[in-house]
Amino acid sequence: MLAAVAVRQNPDDPLAGLELREVPAPKPPEGWAVIRVVAAALNHHDLWTLRGVGHPADRLPIVLGCDAAGIDEDGNEVVVHPVIGDPAAGGGDETLDPGRALLSERHDGAFAELLCVPRRNLIPKPASLSFEEAACLPVAWLTAYRMLFTRAAIRPGDSVLVQGATGGVASAAIALARAAGAKVYATSRTEAKRATALTLGAHHAVPTGDRLPEKVDVVVETVGEATWAHSLRSLRPGGTVVVAGATSGSNPPADLSRIFYLQQRVLGSTGGTRDEFVALLRFIENAEIRPSVDRVLPLTQIHSGFEAMLGGHLAGKIVIRPS
Ligand SMILES: NC(=O)c1ccc[n+]([C@@H]2O[C@H](COP(=O)([O-])OP(=O)(O)OC[C@H]3O[C@@H](n4cnc5c(N)ncnc54)[C@H](OP(=O)(O)O)[C@@H]3O)[C@@H](O)[C@H]2O)c1
């Protein structure tokens, strides 16, 4: 079957190491299942793998793709929980299992006709969502859900700043925080993306780095160096910054004096559990939220999808149809 495979890593030219090639169909071990992938979404994570960040070279070649929706062996429509881990090894939380891996880190990922995952990672696809919409949820939306509701534990009435209005996690965080009754601020570098942030559910969208009308209870941070100082400045005393990514760099000045003097909390967050994923799907159905799909491409055009992602001009997720 045809697959998009990471074969080399190059920090400056990540797409040079992405090849479309024939790979053998997967053979499921005991407890695993094979699904036919109907839709798979692109993530920044795929680019980090191709750049050699957080993914050892000795795990290449590997089929990329962390997000998938498809049809299982019994004809059921499913969406894939992307964290492969053992809840028992993580004290009841598979994201804390030291051996856990996101799909495509240790096991072949979703950019292929067939995908093999543990059976427990298959979740019924909500009927109200298309395969393309469902494929947007596992990484970006699940990460945003855990950041807001498990880690920062936002409550209705809280104020939330989301840095980077139209990124995958950021746009999900805007929609989820709004639906949960928060006052939502978003930042973006362009007027067009600030307008998009408002359509996603933000009450106010300001240029990146601009002062907000109030200090917020929670900041959702995935941009990193470019916004970290603003995140801390925008936070009320005792507030929480929850961080799940660092697209613009991961080593900003820590500003420890501000953090201890204002008793701020800095929390890391990664992925989400199966239970959180099930709750996310219910929340999305109940709140009648739909993820935005920027475009749908055949697998053979996956390079152009990543080029658009690198260009940073997306309004939603890029979805691949492998067959
Ligand atoms: N921990 C986890 O489980 C997890 C899960 C998913 C993603 N992530 C990580 O989170 C990060 C975001 O990923 P994503 O796919 O959601 O988003 P993305 O598509 O990479 O979007 C990045 C966002 O960051 C903003 N941005 C990028 N460079 C910037 C700069 N120099 N200055 C200001 N803003 C900048 C952009 O905002 P504007 O263009 O609107 O200004 C954009 O909205 C990535 O690093 C990814 O690896 C982590």
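Helices here are DSSP runs of H or I with at least four residues, numbered from the N terminus. The structure is a predicted model, in which local features need pLDDT of at least 70 and side-chain atom pairs count only at pLDDT 80 or more, while totals for chains, interfaces and linings use all residues. Residues are numbered from 1 along each chain as its sequence is written, and side-chain values use heavy atoms, with hydrogens and water left out.

Let's start with the ligand. It is surrounded by 24 residues (each with a heavy atom within 4 Å of it), and the closest of them are H44, W48, V169, S188 and K193. Three helices, α1 (44–51), α3 (137–151) and α4 (168–179), each chip in at least two residues of this shell. Sorted by type, the shell holds eight nonpolar, 14 polar and two charged residues; Gly goes with the polar ones in this scheme.

Now for polar contacts, meaning pairs of N or O atoms within 3.5 Å. A backbone N or O atom of G167 sits 2.9 Å from a ligand oxygen, and for a backbone N or O atom of G168 the distance to a ligand oxygen is 3.1 Å. On its own the ligand would expose 900 Å² (Shrake-Rupley method, 1.4 Å probe), and the protein buries 84% of that.

As for the chain itself, an automatic or database domain assignment splits it into domain 1 (2–136 + 291–321) and domain 2 (141–268). Their C-alpha centres lie 26 Å apart. Twelve residues of domain 1 are in contact (heavy atoms within 4.5 Å) with nine residues of domain 2.

Definitions and conventions:
Polar contact = N/O pair within 3.5 Å; in protein donor to acceptor, adjacent residues only side chain to side chain.
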